[in-house]
Amino acid sequence: MQARDIMTSPVITIRQDATVAEAAKLMLDRDVSALPVLDDSERLAGILTHSDFGLSPKFRPLVDNIYSLLGSTTTPEHLEETAHQVGNRQVREVMRRNIITVPEDASIEHIARLMLRAQIHRLPVVTDDRLVGIVTRHDFLKLIAQAA
């Protein structure tokens, strides 16, 4: 079995010039945990995930005092103000750029190993630098459910 057999396609994406607020709304409206980011040529430029929005692990010991929203640190008293400021930033400013991808013919064994080794939850699937799908942990759950 290959990536093309289990990937989700079409993929819900966002443009790099969209705002973070637009990205957050799209993720909530479409119930997705990540948005591949496309450049002006419709090529994969980055990815924005739900974990990018939340509390940074480096601040967990200070959880009662300091929060992090997409790289902006704030206190609980200023969380709403910071959220507004972050929401107005462009996706290109906060997206992850170094993305691991796989081709459509990648085996699911390779994909599973890669996801575990890199500690990631999703892999964009590309053909000729074009996004054609995405494989997520959810796709592996569907695979297991179909086997029953």
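## The hairpin of strands 2 and 3

In this predicted model, strand 2 and strand 3 form a hairpin, with five residues between the two strands. Within the turn, Glu42 has a positive phi of about 65°. The two strands pair in the antiparallel sense, over five bridges. One point of this pairing involves Val37, whose bridge partner in strand 3 is Gly46.

Strand 2 is mostly covered, since five of its five residues are buried. Ala34, Pro36 and Leu38 point one way from the strand, whereas Leu35 and Val37 point the other way. Residues of both groups are buried.

## The sheet of strands 1, 2 and 3

The hairpin belongs to an open sheet of three strands in the order 1-2-3, and the pairing in this sheet is mixed. Its edge strands are strand 1 (14-15) and strand 3 (44-49), each of which pairs on one side only. Strands of a sheet pair through backbone hydrogen bonds, either parallel or antiparallel.

Strand 1 pairs with strand 2 (residues 34-38) in the parallel sense, over two bridges. Here the bridge partner of Ile14 in strand 2 is Val37; Val37 also has Gly46 of strand 3 as a bridge partner. Helix 2 (residues 20-30) lies across strand 1, strand 2 and strand 3, and runs at about 130° to strand 2.

## Gln16 and its surroundings

The loop between strand 1 and helix 2 contains Gln16. This residue counts as buried because its relative accessibility is 11%, under the cut-off of 20%.

Leaving aside residues up to four places away in sequence, Gln16 touches Val37, Leu38, Asp39, Asp40 and Ala45. Its contacts also include Gln90, Val91, Arg92 and Met95.

## The sheet of strands 6, 7 and 8

Another three strands form an open sheet in the order 6-7-8, again with mixed pairing. Strand 6 and strand 8 are the edge strands, and each pairs on one side only. Between strand 6 and strand 7 the pairing is in the parallel sense, over two bridges. Val102 has Val125 as its bridge partner in strand 7.

Helix 6 lies across strand 6, strand 7 and strand 8. The helix runs at about 130° to strand 7.

## The two sides of helix 6

In helix 6 (residues 108-118), the residues Ile108, Ile111, Leu114 and Met115 are buried. Seen down the helix axis, the buried residues fall within an arc of 125°, and therefore line one face of helix 6. What covers the buried residues of helix 6 includes strand 6 (102-103), strand 7 (122-127) and strand 8 (130-136), together with helix 1 (3-6) and helix 7 (137-147).

On the other side of helix 6, Arg113, Leu116 and Arg117 are exposed. Just after the helix, Gln119 takes a positive phi of about 55°.

## The largest pocket

The largest pocket has a volume of about 370 Å³. Its lining consists of 17 residues, of which Asp31, Val32, Ser33, Thr136 and His138 are the closest to the pocket centre.

Strand 2, strand 8 and helix 7 are the elements that give two or more residues to this lining. The largest share comes from helix 7, which supplies three residues. Two of these elements have already appeared above: strand 2 as a member of the sheet in the order 1-2-3, and strand 8 as an edge strand of the sheet in the order 6-7-8.

Note on methods. Residues numbered from 1 in each chain as written. Predicted model: local features only at pLDDT ≥ 70, side-chain atom pairs only at ≥ 80, totals over all residues. Heavy atoms only, no water. Buried < 20%, exposed > 50% of the residue type's maximum accessible area, 1.4 Å probe, protein only. Helix = DSSP H or I, 4+ residues; strand = E, 2+ residues; numbered from the N terminus. Arc of directions from axis to C-beta. Contact = heavy atoms within 4.5 Å. Pairing = 2+ DSSP bridges. Axes fitted to C-alpha atoms, helices over the stretch in contact; angles between N-to-C directions. 1 Å grid on protein atoms, 1.4 Å probe; cavity = no way out; pocket = protein on both sides within 12 Å on 5 of 7 lines; lining within 4 Å. Points joined across faces, edges and corners; volume = space filled by probe spheres on them.
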